[in-house]
Amino acid sequence: MNRTPSSTTPERERTGRVPGAGSSPDGTGPAAAGPDAGPPLSNGLKQRHLSMIALGGVIGAGLFVGSKEGIAAAGPSIVLAYAVSGCLVMLVMRMLGEMAAASPASGSFSVHAGRSIGPWAGFTTGWMFTAQLCVAVAAEAIGAAGIMTGWFPDTQPWMWVLLFMVVFCGANLAAVSNFGEFEFWFAALKITAIGIFLVLGLLAIFGVLPGTSAPGAAHLTGDGGFLPNGSDGLVIGLLASVFAYGGLETVTIAAAESKDPVRGVARAVRTAMWRIALFYVGSMAVIVTVIPWNNADIAKNGPYVAVLDYLHIPAAGQIMNVVILIALLSAMNANIYGSSRMAHSLSARGQGPRFLRTVSGGVPRRAVVLCSAFGFLAVLFSYWWPETVFQWLLNMVGAAILVVWGFIAVAQLRMRRRLEREAPEKLVVRMWLFPVLTWVALAGVVAVLVLMLRDENQRMQLYFTGGFGVVLVVVGLLRQRMAGRKTAERDLPAVTPPNSH
């Protein structure tokens, strides 16, 4: 079922026009080329889909596996690191929710940046985000294939990668409700797993679980103290925690394909934020309270398996492998969806290949195939040139999410002021303590980027991402200037030479 205009959809989203304007909202093409020009996307996502996408989108392998590096560096202070980065993420999510509820668009923050800052900003954020998701698809496919070959040692990783790519490309080629259903059940399983883990951990902390005794604060203040590696260890833990939160943006992209995007995204954002904080910060608190932060099993098997083994939960390793596999497959599914919608939106606004504008059955199928193919190609790069091409790709998008968050903050600052003047009734979701907390979020993003310069491993990623960003900005500015010239030439009245006597 294709989406039809409704009272909840702003005029410029339905028609792609700003009344009285002669060009598209982002200024890159004719008035017909709005944020989602061409045949409309479907509206097959339900409220339950959006709520689970908001919750499950940030619960990935970065939490289940990647958190062990943060714990090794920060020790018990990893709880503080996740709390601080969680506050930053909640501010970004609130800003996104405000803009998405006021003006739903499948291009989400790219559309808002294009309108509020300039077409070059929409171009830069959109293609940086798309590249990040496509590379992430490859990384997740490789991780999932590694788990499967561990269970089936006679198989080859490329076989599983191909299978996963075909399954999720096919799911995204069908109706958007298929994507929603996949994510709903994936997210439900991940949330259930973390919920059970938290309950078991709390029972162990209070000495209620059979075979355990209450540890008190022994592991939080002993074993080197709360900051065993000092402020440097906390900084490394903070950087690890920031990147573990990536994925929250998908819900604002998906909201444009729901039946009631304004109410849907508002409700999803409001209910997701405190739950995300509970899952992330709560998990870290349970881990470093139940067992010592320097327990060898954390580095060997991962923090969740280490805790479950300590609590004598049968088959803890295999249970967590299943959960991690689900997290990886969920991320693959969401990233194929998010990258294809962003690529389609960019092309519909005249900022990408024209053939990606095509929508069939409410789905941008060419964009889905292209993004899936790029992900599979990146997997091949990991086999052919793991230390060069694939590593370059990983470095290029290593800090991309921070760049995107920075643009989101600037776009929200400008968009909020315009909405307060022109359409205050559209502010269904409001950023807290505006503009103070928006500036705080922007300063937080800058601070994290500066901290990356202090870490040798992160510094190279920052350089590559910065170079990629500069290229996108230059191309975006050149396209903007060319589009401006074309518009001026089109609108220039014909000049008739004066009659001579």
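## Thr250 and helix H12

Beyond its neighbours within four places in sequence, Thr250 touches Ile53, Phe179, Ala334 and Tyr337. In this predicted model, Thr250 belongs to helix H12, which covers residues 250-254. Its relative accessible area is 4%, under the 20% limit, and Thr250 is therefore buried.

Thr250 also has a counterpart far away in sequence: Leu50 is 200 residues from Thr250 along the chain, while their C-alpha atoms are 9.4 Å apart in space.

## Overall make-up

The protein has 21 helices and zero strands. Of its 501 residues, 55% are buried. When contacts between residues at least 6 apart in sequence are considered, 78% of them join residues at least 24 apart.

## Helix H6: Ser108 and His112

Helix H6 spans residues 108-116 and contains His112; Ser108 is in H6 as well. Ser108 has a relative accessibility of 1% and so counts as buried. The side chain of Ser108 makes a polar contact of 2.7 Å with the side chain of Thr252. With neighbours within four places in sequence set aside, the contacts of Ser108 are Leu96, Thr252 and Ile253.

His112 is at 2% relative accessibility, and for that reason it counts as buried. Outside its neighbours within four places in sequence, His112 is in contact with Met99, Ala100, Ser103, Ile117, Ala411 and Met415. Among these contacts of His112 are Met99, Ala411 and Met415, which also take part in the packing of H5 with H19.

## Packing of H5 with H19

Two packed helices are described by the angle between their axes and the distance between the axes. For helix H5 (residues 78-102) and helix H19 (residues 400-422), the angle is about 45° and the axes are 10 Å apart. The two helices, H5 and H19, are therefore oblique to each other. Their crossing is left-handed.

On the H5 side, the contact involves Leu88, Val89, Val92, Met95, Leu96, Glu98, Met99 and Ala102. H19 contributes Trp405, Ile408, Ala409, Ala411, Gln412, Met415, Arg416 and Leu419. Sorted by class, the contact between H5 and H19 consists of 13 nonpolar, one polar and two charged residues.

## Packing of H17 with H8 and H7

Helix H17 (residues 365-384) packs with helix H8 (residues 157-173) at an angle of about 165°, with the axes 10 Å apart. An angle over 145 degrees counts as roughly antiparallel, and H8 and H17 are therefore roughly antiparallel to each other. The crossing of H8 with H17 is right-handed. H8 supplies Pro157, Trp158, Val161, Leu162, Met165, Cys169, Asn172 and Leu173, and H17 supplies Arg365, Val368, Val369, Ser372, Gly375, Phe376, Val379 and Tyr383. By class, twelve nonpolar, three polar and one charged residues form the contact of H8 with H17.

Helix H7 (residues 119-151) also packs with H17, at an angle of about 55° and with axes 8 Å apart. H7 and H17 are therefore oblique to each other, and H7 passes H17 in a right-handed crossing. From H7 come Thr130, Cys134, Val135, Val137, Ala138, Ala141 and Ile142; from H17 come Cys371, Phe374, Gly375, Ala378, Val379 and Ser382. The contact of H7 with H17 has ten nonpolar, three polar and no charged residues. Gly375 and Val379 of H17 appear in the contact with H8 and in the contact with H7.

## Helix H15 and its surroundings

Helix H15 (residues 303-310) has eight residues, six of them buried, so H15 is largely enclosed by the rest of the structure. Those buried are Pro303, Tyr304, Val305, Ala306, Val307 and Leu308. They pack against helix H3 (61-64), helix H4 (67-74), helix H9 (176-205), helix H13 (261-290), helix H14 (296-301) and helix H16 (316-348).

Just after H15 comes His312, which has a positive phi of about 60°.

## Phe206 in the loop after H9

Phe206 lies in the loop between H9 and helix H10 (218-221). With a relative accessible area of 61%, Phe206 is exposed. Gly216 is ten residues from Phe206 in sequence, and the C-alpha atoms of Phe206 and Gly216 are 8.0 Å apart in space.

Technical notes
Residues are numbered from 1 along each chain as its sequence is written. This is a predicted model: local features need pLDDT of at least 70, side-chain atom pairs count only at pLDDT 80 or more; totals for chains, interfaces and linings use all residues. Side-chain values use heavy atoms; hydrogens and water are left out. Axes are lines fitted to C-alpha atoms, for helices over the stretch in contact, and angles run from 0 to 180 degrees between N-to-C directions. Helices (H or I, at least four residues) and strands (E, at least two) are DSSP runs, numbered from the N terminus. Angles under 35 degrees count as roughly parallel, over 145 as roughly antiparallel, 65 to 115 as roughly perpendicular and the rest as oblique. A crossing is left-handed if the near helix is turned anticlockwise from the far one by less than a right angle, and right-handed if clockwise. Contact means heavy atoms within 4.5 Å. Ala, Val, Leu, Ile, Met, Phe, Trp, Tyr, Cys and Pro count as nonpolar, Asp, Glu, Lys and Arg as charged, and the others, Gly among them, as polar. Buried means under 20% relative accessible area, exposed over 50%, partly exposed in between (1.4 Å probe, protein chains only). A polar contact is a pair of N or O atoms within 3.5 Å; within protein, one must be able to donate a hydrogen and the other to accept it, and residues adjacent in sequence count only if both atoms are side-chain atoms.
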